[in-house]
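Colleague: I am new to this one. Can you walk me through the model?

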Amino acid sequence: MQSEYIPTVVQAVAGPGRTVYAYFSDGRITQVDMKDNIAAGGVFAQLADDAFFAEALTVLNDTVAWDTSGHYDPTTCIDIDPFVAYEAQQVTDPLEIAA
């Protein structure tokens with residue numbers, strides 16, 4: 001019996017226009033648009049800062065996350081549901097295109 005894949009992000013890279021490229025353990029790459037989340041405010045309001053958006057971006061809890069504490073604490077980060085990231089627009093690897 002084959003089990004259902006649980007999306008696991010292995011790398012996150014900041015993209016243009018408040019997007020994130022999410023690289024998954026099964027090879028899928030998606031581009032997650034964070035503009036609506038940021039515009040909604042709340043916890044995502046911090047991501048409106050360009051420097052924070054790019055520099056705090058990481059992988060925590062097996063998904064795209066922003067390290068708010070500077071200590072890579074998975075309990076204090078801003079993260080997005082890995083299933084949401086997995087279902088975002090699938091793209092080719094932007095790092096290969098740039099090379």
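Modeller: Two strands count as paired if DSSP finds at least two bridges between them. Keep in mind that this is a predicted model.

Colleague: What is the strand order in the open sheet of four strands?

Modeller: The pairing in this sheet is antiparallel. β1 (9-14) and β7 (89-90) stand at its edges with a single partner strand each, so one side of each has no neighbour in the sheet. The order is β1-β2-β3-β7.

Colleague: How many bridges join β2 to β3?

Modeller: Strand β3 covers residues 29-33 and runs antiparallel to β2. One bridge partner in β3 is Ile 29, opposite Tyr 23. The number of bridges joining β2 to β3 is five.

Colleague: Is Thr 19 buried or exposed?

Modeller: Thr 19 lies in β2, residues 19-24. Its contacts beyond four places in sequence include Val 13, Val 32 and Phe 53. Its side chain also reaches the backbone oxygen of Pro 16 at 2.7 Å. Buried means under 20% relative accessible area. Thr 19 has 7%, so the answer is buried.

Colleague: Which residue in the turn between β4 and β5 has a positive phi?

Modeller: Strands β4 (residues 57-60) and β5 (residues 63-66) run antiparallel, joined by four bridges. Leu 60 stands opposite Thr 63. The two strands form a hairpin with two residues between them. The residue with a positive phi, about 55°, is Asn 61.

Colleague: What is the bridge partner of Ala 65 in β6?

Modeller: β5 also pairs with β6 (residues 78-79), in the antiparallel sense. Two bridges make up this pairing. The partner of Ala 65 is Asp 79.

How values were computed:
Residues are numbered from 1 along each chain as its sequence is written. This is a predicted model: local features need pLDDT of at least 70, side-chain atom pairs count only at pLDDT 80 or more; totals for chains, interfaces and linings use all residues. Side-chain values use heavy atoms; hydrogens and water are left out. Buried means under 20% relative accessible area, exposed over 50%, partly exposed in between (1.4 Å probe, protein chains only). A polar contact is a pair of N or O atoms within 3.5 Å; within protein, one must be able to donate a hydrogen and the other to accept it, and residues adjacent in sequence count only if both atoms are side-chain atoms. Contact means heavy atoms within 4.5 Å.
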